[in-house]
Amino acid sequence: MARRPLRIGTRGSPMALAQTGMVRDRIAAAHPALAEPGAMELVVVTTVADKVLDRPLSEIGGKGLFTKELEQALLADQVDVAVHSMKDVETWLPDGLVIACILARDDPRDAFLSPRAGRLADLAPGSRVGTSSLRRGAQVLMRRPDLQIVPLRGNANTRMKRLEEGACDATLLAIAGLERLGLADRAQEILPVNEMLPAVAQGALGIECRAGDADVIALLQAVACPTTTIAVNAERALLAELDGSCRTPIAALAQIDGDSLTLDGLLFLPDGSAHWATHRTGRVADALAIGRDAGAELKAKAGETYRAKLQ
Ligand SMILES: NCc1[nH]cc(CCC(=O)O)c1CC(=O)O
């Protein structure tokens, strides 16, 4: 094959490099020609999220921070594909770019890490839970209003280090990320989804590319997971209905069993003082409509309270 190398854009954090390496290996396994030396090349792109570590994401400008520079590199033809955690991908993509494929989802749940307690329920009253995620903070406070939420920023390795240094008594991280880092053994407890509903698309990786790159889109289909794609698209449809950004604490998880789909969604006030829930079951074929409908239900339920507190 005389084509130039497939340039794979990635963030430079340890987790991003680990997951991009996994994606590259899956592409190589599906396309022997791309497994040849030099046929694929990783291009590390630094994003704002990798630089600004002192303020919560919700204040700096949301999850576009993880993806913007990678998208610019795609549009400027500096890379051919960009690997993302789908959780970090904005609800609306820039013109000219598409998510060409979503890979099989890893465990979507959140893990509890603490040197002080084996379980979230066992933390002493008043303990400091470090998280800058409004979604995680709100759900912790729903169960344990006695705990304190303190900000904790940085990539997963940085957060674990700050936990060890005593910046907080416990933290929560996606188990999928810990697994990719080979650090799943740090998890004291994996929280069930009825206690800690994950972020939209948590645990799923996606590959973005230029909408006109038909060859690239075609070759990526070999690593796509149809079930995960449907589930993630249902969750993203819910998010889109709520105009969700990182400023809006939203959790959603779609699960597929044969022809049937269940979708759970939660919308919170950032301080955990109120929340609204939706639970849907339906047919896989109606996934997008179920997502949109569930989002509309949450919006209607939250109504004025939500608009007044969040806008
Ligand atoms: N916001 C950063 C981020 N984006 C995706 C993951 C986890 C891995 C994934 O969902 O693919 C993480 C870290 C975390 O939340 O613990």
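**Figure 1. Helix H5 in its surroundings within the predicted model.** Helix H5 spans residues 134-143, and eight of its 10 residues are buried, so the helix is largely enclosed by the rest of the structure. The buried positions are Leu134, Arg135, Arg136, Gly137, Ala138, Gln139, Val140 and Leu141, a list in which two arginines and a glutamine appear beside residues such as Leu134 and Val140. The view belongs to a chain whose secondary structure comprises 10 helices and 13 strands, and in which buried residues account for 43% of the 311 residues.

**Figure 2. The shell of residues around the ligand.** The ligand is surrounded by Ser85, Lys87, Asp88, Ala156, Leu173, Ala174, Ala176, Gly177, Gln202 and Gly203. Two or more residues of this shell come from strand S8 (170-174) and likewise from helix H7 (175-180). By character, the shell divides into four nonpolar, four polar and two charged residues. Because domain 1 (1-103 + 204-224) and domain 2 (110-190) both give residues to the shell, the ligand lies between these two domains.

**Figure 3. The largest nonpolar core and the contacts of Val81.** This core holds 79 residues, and the members that touch the most other members are Val81, Ile207, Ala234, Leu238, Ala252 and Leu263. Helix H9 (residues 226-241) supplies the largest share of the core, namely six residues. In soluble globular proteins, nonpolar side chains tend to be buried together. When neighbours within four places in sequence are left aside, Val81 is in contact with Leu6, Ile8, Gly9, Ile207, Glu208, Cys209 and Val216, and one of these partners, Ile207, is itself listed with Val81 among the members that touch the most others. For the chain as a whole, 71% of the contacts between residues at least 6 apart in sequence join residues at least 24 apart.

**Figure 4. Two loop residues with positive phi, Asp77 and Ala201.** Most residues other than glycine have a negative phi. Asp77 has a positive phi near 60°, and its position is in the loop between helix H4 (64-75) and strand S3 (81-85). Ala201 has a positive phi of about 70° and sits in the loop between strand S9 (189-190) and strand S10 (205-210). The surroundings of the two residues are classed in opposite ways: Asp77 counts as exposed because it has 10 C-beta neighbours inside 10 Å, whereas Ala201 is buried, with 27 other C-beta atoms within 10 Å.

**Figure 5. Ala274 in the loop between strands S12 and S13.** Strand S12 covers residues 260-268 and strand S13 covers residues 275-283, with Ala274 placed in the loop between them. Ala274 is partly exposed, since 14 other C-beta atoms lie within 10 Å. Not counting residues up to four places away in sequence, Ala274 touches Leu269 and Thr305. The C-alpha atoms of Ala274 and Met142 are 8.5 Å apart in space, although these residues are 132 apart in sequence, and Met142 falls within the range of helix H5 (residues 134-143).

**Figure 6. Overall dimensions of the chain, as context for the close-up views.** Taken along the principal axes, the C-alpha atoms fill a box of roughly 65 × 45 × 35 Å. The radius of gyration is 19 Å, which agrees with the value near 19 Å that a compact globule of 311 residues would have.

Terms used: Residues are numbered from 1 along each chain as its sequence is written. This is a predicted model: local features need pLDDT of at least 70, side-chain atom pairs count only at pLDDT 80 or more; totals for chains, interfaces and linings use all residues. Helices (H or I, at least four residues) and strands (E, at least two) are DSSP runs, numbered from the N terminus. The radius of gyration is taken over C-alpha atoms; the globule rule is 2.2 Å times the number of residues to the power 0.38. A residue is buried if 20 or more other C-beta atoms lie within 10 Å of its own, exposed if 12 or fewer, and partly exposed in between; C-beta atoms are placed from the backbone. Two residues are in contact if their C-beta atoms, placed from the backbone, lie within 7 Å. A nonpolar core is a set of buried Ala, Val, Leu, Ile, Met, Phe, Trp, Tyr and Cys residues joined through C-beta atoms within 7 Å. A residue is near a molecule or strand if its C-beta atom, placed from the backbone, lies within 6 Å of it. Ala, Val, Leu, Ile, Met, Phe, Trp, Tyr, Cys and Pro count as nonpolar, Asp, Glu, Lys and Arg as charged, and the others, Gly among them, as polar. Domain bounds come from an automatic or database domain assignment.
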